[in-house]
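Please open the structure in your viewer and keep the selection tool at hand. The tour goes from one selection to the next, with a short account of what is there at each stop.

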4 protein chains.
Amino acid sequence: MHRIPVGVLGASGYAGRELCTLIAGHPGLDLVFATANERRGERLALPTGSLTMVGTEDAPIGQATLVFSALPHGASAEWVARVRAAGPRVVDLSSDLRPGHTAQDVPYGLTELHRDRLRDAPLIANPGCYPTAILLALAPLVRQGLVEPGATVVADAASGVTGAGNSPRADMLFGEVTENFRAYAVGNEHRHLPEMRATIGELGGDLDLLFTPHLLPVARGILATLTVPVTSIPADLMAPWRLAYANEPFIELVTELPSIRDVARRNVVRIAVREARGLRQPTLLVFSAIDNLVKGAAGQAIQNANLSLGLPEALGLPA
Amino acid sequence: MHRIPVGVLGASGYAGRELCTLIAGHPGLDLVFATANERRGERLALPTGSLTMVGTEDAPIGQATLVFSALPHGASAEWVARVRAAGPRVVDLSSDLRPGHTAQDVPYGLTELHRDRLRDAPLIANPGCYPTAILLALAPLVRQGLVEPGATVVADAASGVTGAGNSPRADMLFGEVTENFRAYAVGNEHRHLPEMRATIGELGGDLDLLFTPHLLPVARGILATLTVPVTSIPADLMAPWRLAYANEPFIELVTELPSIRDVARRNVVRIAVREARGLRQPTLLVFSAIDNLVKGAAGQAIQNANLSLGLPEALGLPA
Amino acid sequence: MHRIPVGVLGASGYAGRELCTLIAGHPGLDLVFATANERRGERLALPTGSLTMVGTEDAPIGQATLVFSALPHGASAEWVARVRAAGPRVVDLSSDLRPGHTAQDVPYGLTELHRDRLRDAPLIANPGCYPTAILLALAPLVRQGLVEPGATVVADAASGVTGAGNSPRADMLFGEVTENFRAYAVGNEHRHLPEMRATIGELGGDLDLLFTPHLLPVARGILATLTVPVTSIPADLMAPWRLAYANEPFIELVTELPSIRDVARRNVVRIAVREARGLRQPTLLVFSAIDNLVKGAAGQAIQNANLSLGLPEALGLPA
Amino acid sequence: MHRIPVGVLGASGYAGRELCTLIAGHPGLDLVFATANERRGERLALPTGSLTMVGTEDAPIGQATLVFSALPHGASAEWVARVRAAGPRVVDLSSDLRPGHTAQDVPYGLTELHRDRLRDAPLIANPGCYPTAILLALAPLVRQGLVEPGATVVADAASGVTGAGNSPRADMLFGEVTENFRAYAVGNEHRHLPEMRATIGELGGDLDLLFTPHLLPVARGILATLTVPVTSIPADLMAPWRLAYANEPFIELVTELPSIRDVARRNVVRIAVREARGLRQPTLLVFSAIDNLVKGAAGQAIQNANLSLGLPEALGLPA
């Protein structure tokens with residue numbers, strides 16, 4: 001197969017590295033450059049050999065058909081504009097162009113929900129990791145009108161540390177994180193909230209989302225525990241998800257409760273549902289697990305790039 | 001000071017060991033025996049020396065003024081009855097005699113809430129670890145009538161593995177727990193639910209509790225994240241807790257979000273509160289952290305033993 | 001490609017599971033059965049679907065061209081004999097048929113050292129994990145006569161917990177292993193010592209090996225730190241290894257010190273060498289890292305099966 | 001008891017914090033200041049209350065009878081000189097004034113070996129963590145002439161991450177250290193080597209030390225595994241240590257192999273010995289475990305401060 005040339009801006013972060021690894025194993029893509037300002041000149045080890053990283057300013061953008069930006073939030077938008085002006089397609093992994101963060105109307109790449117508008121799209125805003133876990137779990141109930149109108153949906157979620165990137169930070173040192181657990185960005189202050197609210201609104205949801213993230217002493221993985229007041233308990237608990245996600249290769253509907261280990265290094269979201277017994281308000285508990293670096297970042301970015309480029313959506317992404 | 005002789009039934013589990021260590025450092029108690037059926041004859045290392053563990057049948061019960069039972073759930077009640085019949089006072093760490101588990105009317109030792117009925121009590125049912133974290137955080141809102149009537153209170157909590165004891169179990173092996181996170185006993189099926197419901201009812205609460213525990217890859221610690229619909233947001237968020245817990249030596253009301261590390265090896269519960277902004281229903285987020293083996297088990301048992309024996313409640317328990 | 005039918009005895013342990021996963025991704029092998037006595041009837045999840053495990057007695061041995069035995073030490077030899085009597089080839093992952101453990105002359109599958117006698121071999125004893133890391137690192141010095149005659153070679157090594165299997169054991173509980181580190185089986189008492197001594201002797205080594213294993217709080221990985229008195233320091237430190245291992249796809253000679261993360265989930269051994277400066281006795285430090293479940297068990301077993309079956313040695317084993 | 005006023009320079013690092021906590025619980029010391037340049041103005045939580053940290057330049061040095069310096073290597077020596085010039089005694093936890101690092105003749109505070117020269121000493125260089133574990137384990141063999149003359153003693157050791165301090169470093173992020181293990185500073189390049197060599201020489205040792213440190217995925221603890229060629233195997237393996245360390249409150253000679261958990265948060269070194277069987281050269285394996293922040297830093301500093309101030313050596317240091 002002729003491989004399509006692609007590049008990665010910001011290849012030294014956790015998501016950027018994961019992306020380069022996935023591209024290296026992708027039968028339809030060819031990694032022609034990878035940038036890393038502070039680590040320019042260093043070799044990036046890949047399954048297929050190694051690549052010398054260049055500074056972002058020095059990237060041969062014009063050689064790529066599609067460019068992934070894994071640059072930091074705030075810094076990405078400008079580079080996305082420069083790349084688009086030069087011609088290549090872009091999948092942007094930062095939050096800069098996601099709903100709620102920009103006035104531009106950029107297709108939001110929650111692939112399973114928005115596939116139709118992503119095919120052949122020249123620019124795609126790749127979702128955040130928490131929104132991927134939470135929205136894919138919640139969407140079937142919202143779309144099918146099963147959420148109690150006006151209710152609060154509680155989304156408590158916990159993430160491994162790679163979600164915070166690999167820049168040196170004292171609070172992310174091993175000595176601070178091991179044997180510890182805490183919430184952060186609580187009270188609906190997290191950067192991922194706007195894209196979740198916008199998407200829920202677009203799906204027709206009349207609900208208030210309360211999102212509380214926590215930091216886990218693990219490297220990778222997100223587990224979201226959703227408490228959803230519903231109009232009634234479905235006779236077949238999983239029916240709403242089966243209806244929504246028939247034949248989706250990257251969505252696993254399971255009966256056992258999912259763990260983050262089940263999804264490690266895999267481009268899937270794993271979802272299980274339980275009835276919350278003993279409450280006056282009919283309520284479902286929905287559990288959703290992803291690998292924050294794969295389905296929550298680089299893997300979903302590959303799904304989106306495949307759609308943008310007219311390749312089979314699952315190419316290079318073994319579930 | 002004359003030391004009061006005490007014994008421990010079930011000293012080889014995590015809670016039993018912690019209890020023996022605390023007793024060894026307690027200026028008013030003297031550990032006269034410790035039992036462990038499978039490890040009888042083994043030495044139990046203590047800061048003050050060591051003690052040879054005996055089989056439970058061989059415990060010289062009559063030598064103790066008070067006996068702690070850290071025997072397994074189901075096995076404890078019978079031994080508690082035998083000890084009481086022989087004379088000594090008992091603090092039972094199992095769930096056997098807690099509200100919702102027995103028809104007997106045994107004082108429930110959530111010390112800060114029930115102190116008056118614990119003084120001089122000959123038998124005390126020591127609370128579970130999750131109920132300690134959740135009820136102490138929730139009680140001020142319930143007692144002060146601030147919870148929205150009929151509302152669901154969502155209690156998502158995560159615990160270290162010592163909460164599951166130290167009997168060999170394949171799902172608790174290091175290789176299964178490291179880099180992992182999952183919920184368990186969901187849908188209101190956990191053994192700790194009855195005592196929480198009974199206590200909330202007794203406090204006059206009109207609410208439905210939805211409790212979802214999770215397993216953390218840490219040895220010790222519990223963090224509970226409570227979502228509480230309230231009648232209105234207090235002008236001073238912490239006022240309900242300050243009112244309820246003035247001068248409590250083992251309750252720490254803090255402004256920073258608590259982490260389990262903050263409370264490790266300490267007999268305290270640390271509580272912080274946030275407003276959940278952007279919701280139609282006024283809602284508070286309450287965070288509560290304890291060490292499951294100390295304030296959630298052995299430390300609180302010492303508080304209760306002190307009350308039963310007429311000693312100062314905080315004796316031997318450095319906060 | 002026509003796939004050759006293979007079976008796995010003992011598929012519920014860590015090595016057995018890893019093996020089944022590797023076979024599922026192998027283009028030349030077809031997994032026709034997997035056995036697990038205590039978990040018979042359970043489904044084994046594989047990348048390519050799932051397989052119901054059967055009891056070992058019920059395995060359709062005759063359907064396989066080659067059978068891997070990942071049965072426990074002591075139990076494997078009998079089954080190997082039964083399988084061989086029935087016809088199929090065998091790669092045995094237990095220690096039962098390794099040098100020093102049996103009077104039989106079974107080819108020892110340290111692939112890079114013994115390739116010639118493994119081609120088409122009907123029965124192969126797959127090496128232990130520690131011997132794989134240690135012998136591949138040490139062999140070039142031994143074979144090239146560079147070890148100081150009569151010297152003691154100190155092999156301190158540390159392994160993740162999956163090396164101990166997944167049977168429930170109190171000392172392998174997460175609560176016991178986290179934040180801990182200790183040696184075990186010291187003083188040359190480890191089960192892996194005989195095969196190391198036998199192999200060193202066969203390579204012509206005149207040295208005494210002192211092997212001290214340690215238990216790491218990680219799931220997988222072994223790092224061996226070898227102190228080797230040598231006749232002289234090579235001008236080019238890595239020359240002995242480059243000479244021995246030219247063109248080996250699964251041996252990585254590196255200049256940076258190897259870490260167990262570098263080799264996780266990969267069928268490689270990574271080796272680095274340093275001179276120990278400031279000693280009267282010329283001495284090399286050799287560092288060797290493997291994934292104990294891959295190059296140290298299931299991956300090497302696939303290498304050996306490929307050789308036994310006449311397939312390309314690296315087939316199904318992406319380095 | 002009248003408490004002696006002391007201060008801590010560099011209270012925001014791991015060792016400095018541990019020191020402040022120990023001082024707060026010490027019945028004979030009163031912490032009158034704690035400095036932290038980057039975190040000046042922040043409150044330091046202590047068991048007995050809290051203290052506001054000041055910049056080092058603003059420390060009221062003259063108010064202290066003794067000052068501990070936990071400043072970084074390189075920065076400490078100058079401050080030690082300033083404090084000494086102002087009058088107070090000093091225990092310096094940095095490497096600046098240890099043997100091999102300075103031409104000054106400063107008493108080296110490996111307490112159990114050098115007690116006589118530490119009593120009333122106005123300035124003491126507190127040992128490094130690795131040297132504490134290694135030298136206390138090795139000294140009895142050296143002093144009693146049992147080490148094979150001219151032999152290489154292999155000291156492989158592994159440490160938790162707090163040994164590297166709490167300044168932000170990318171290689172110490174949780175995501176880099178978890179599930180990992182590696183050697184560092186190998187080939188006798190570690191900063192702790194000079195003080196070990198100097199001390200061995202002073203003890204009359206004719207041996208070459210080969211020290212290889214490793215990084216463990218744990219917060220605290222050091223385990224050293226020493227391979228010591230000896231002139232002969234003692235009939236009673238532990239006799240050399242019992243002879244050397246009779247009645248030492250902080251040295252635990254044990255028969256079971258020590259683990260770092262055994263010594264966590266305790267001011268002890270735990271030592272066990274094994275014969276290395278099957279070697280031509282009589283050889284002992286000596287295992288030594290400490291908490292790097294307690295016996296390896298802050299705890300030993302308190303021992304030394306007690307001696308400098310004429311207090312009982314063990315005061316404030318529960319073993």
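What follows is a walk through two chain interfaces and then some cysteines, in a model that is predicted.

**First stop: chain B against chain A**

Begin by selecting chain B and chain A together, and display the residues in contact, of which there are 50 from chain B and 50 from chain A. The area buried between these chains is about 3,700 Å², and carbon and sulfur atoms give 55% of that area. Within chain B, now pick out Phe181(B), Arg261(B) and Arg280(B), which supply 18% of the area that chain B buries against chain A, more than any other three residues.

Stay with Arg280(B) and add Asp208(A) to the selection, since the side chains of these two residues meet in a salt bridge, with 3.1 Å from N to O. The count of salt bridges between chain B and chain A is 4, while 20 residue pairs are found in polar contact across this interface.

Next, colour chain B by its secondary structure and look at the side that touches chain A, where the elements that each supply at least two residues include strand 8 (151-159), helix 5 (174-177) and strand 10 (207-215). Strand 10 of chain B gives the most to this side, with 6 residues. If you colour by residue type instead, the side of chain B that touches chain A divides into 22 nonpolar, 15 polar and 13 charged residues.

**Second stop: chain C against chain A**

Hide chain B and bring up chain C beside chain A, where the contact takes 4 residues from chain C and 4 residues from chain A. The area buried here is about 340 Å², of which carbon and sulfur atoms give 38%. Select Thr178(C), Glu179(C) and Arg265(C), the residues of chain C that lose the most area to chain A, together 79% of what that side buries. Across this interface there are 0 salt bridges, although 2 residue pairs are in polar contact. The side of chain C that touches chain A consists of 1 nonpolar, 1 polar and 2 charged residues.

**Third stop: the cysteines**

How many disulfides does a search of the whole structure find? Over all chains, the search finds 0. To see one case, select Cys129(A) and Cys20(A): Cys129(A) is in no disulfide, and the nearest cysteine sulfur, that of Cys20(A), is 18 Å away. Cys129(A) also counts as buried, because its relative accessibility is 11%.

Finally, move to chain D and select Cys129(D) with Cys20(D), whose sulfur is the closest cysteine sulfur to that of Cys129(D) but, at 18 Å, is too far for a bond. Cys129(D) has a relative accessibility of 11% and therefore counts as buried.

Notes
Residues numbered from 1 in each chain as written. Chains lettered and ligands numbered in written order. Predicted model: local features only at pLDDT ≥ 70, side-chain atom pairs only at ≥ 80, totals over all residues. Heavy atoms only, no water. Disulfide = S-S within 2.5 Å. Buried < 20%, exposed > 50% of the residue type's maximum accessible area, 1.4 Å probe, protein only. Contact = heavy atoms within 4.5 Å. Buried area = accessible area lost by both parts, 1.4 Å probe. Polar contact = N/O pair within 3.5 Å; in protein donor to acceptor, adjacent residues only side chain to side chain. Helix = DSSP H or I, 4+ residues; strand = E, 2+ residues; numbered from the N terminus. Nonpolar A, V, L, I, M, F, W, Y, C, P; charged D, E, K, R; others polar.
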